[in-house]
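Me: Please examine one part of this structure closely, namely its aromatic pairs and their surroundings. A connected account would be preferred.

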Amino acid sequence: MNVLVVGLLLFAIAIAQLLIGGTRLLYSIPACSVLALAGLTAALWPRKIEFNARLSCLLSALAFGFYLLGRDWLSPVDYLARPDFIILAGSLIVYLTVALFLPRARWRLFVFWGLLLF
């Protein structure tokens, strides 16, 4: 299961980099779709859950992320806030997937080296 999730995460990052770096909303839709698939695969796969993330780090990242999502959602300039909203949601999916569903350092290193490679 971890191979599938890490593979989907790295594939989404590669798609985002190949399609203009995800700077335009139209080009970031395929990458965000694969990212959502990776998050759903990690969350819905039946397995024994190993929770190794520190609760304070997780809560502070979620609080800040949801604060920024709320600001983007309520922004008066919709065409500027929409890409930021989608990119931030994708970033939260990657963070939560890596923090909660990839408990071993080996899988996290695959994601790290994939980010550096792309």
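Reply: In this predicted model, the structure contains three aromatic pairs. In one of them, the ring centres of Trp-107 and Phe-110 are separated by 5.6 Å and the planes meet at 45°; since this angle is neither under 30 degrees nor over 60, the pair is classed as tilted. Both residues belong to helix H5, which spans residues 105–117. Within this helix, Trp-107 and Phe-110 are three residues apart, or about one turn.

The two partners differ in their exposure class. Trp-107 has a relative accessibility of 13% and is therefore buried, the cut-off being under 20%. Phe-110, with a relative accessibility of 40%, is partly exposed, because this value falls between the 20% and 50% limits.

A further aromatic pair is formed by Phe-112 and Trp-113. Here the centre-to-centre distance is 5.3 Å and the angle between the planes is 70°, an edge-to-face arrangement. Phe-112 has a relative accessible area of 43% and is partly exposed. Trp-113 reaches 55% relative accessibility and so counts as exposed, the threshold being over 50%.

Trp-107 also has a charged neighbour: Arg-106 is positioned over the face of the Trp-107 ring, 4.8 Å from the ring centre.

As to confidence, the protein chain has an average pLDDT of 84, and 92% of its residues score at least 70. Among the elements of the chain, the highest mean pLDDT, 90, belongs to helix H3 (residues 55–73), and the lowest, 83, to helix H2 (residues 25–44).

Definitions and conventions: Residues numbered from 1 in each chain as written. Predicted model: local features only at pLDDT ≥ 70, side-chain atom pairs only at ≥ 80, totals over all residues. Heavy atoms only, no water. Phe/Tyr/Trp six-rings, centres within 6.5 Å; stacked < 30°, edge-to-face > 60°. Helix = DSSP H or I, 4+ residues; strand = E, 2+ residues; numbered from the N terminus. Buried < 20%, exposed > 50% of the residue type's maximum accessible area, 1.4 Å probe, protein only. Lys NZ or Arg CZ within 6 Å of the ring centre and 35° of its normal. pLDDT = per-residue confidence, 0-100.
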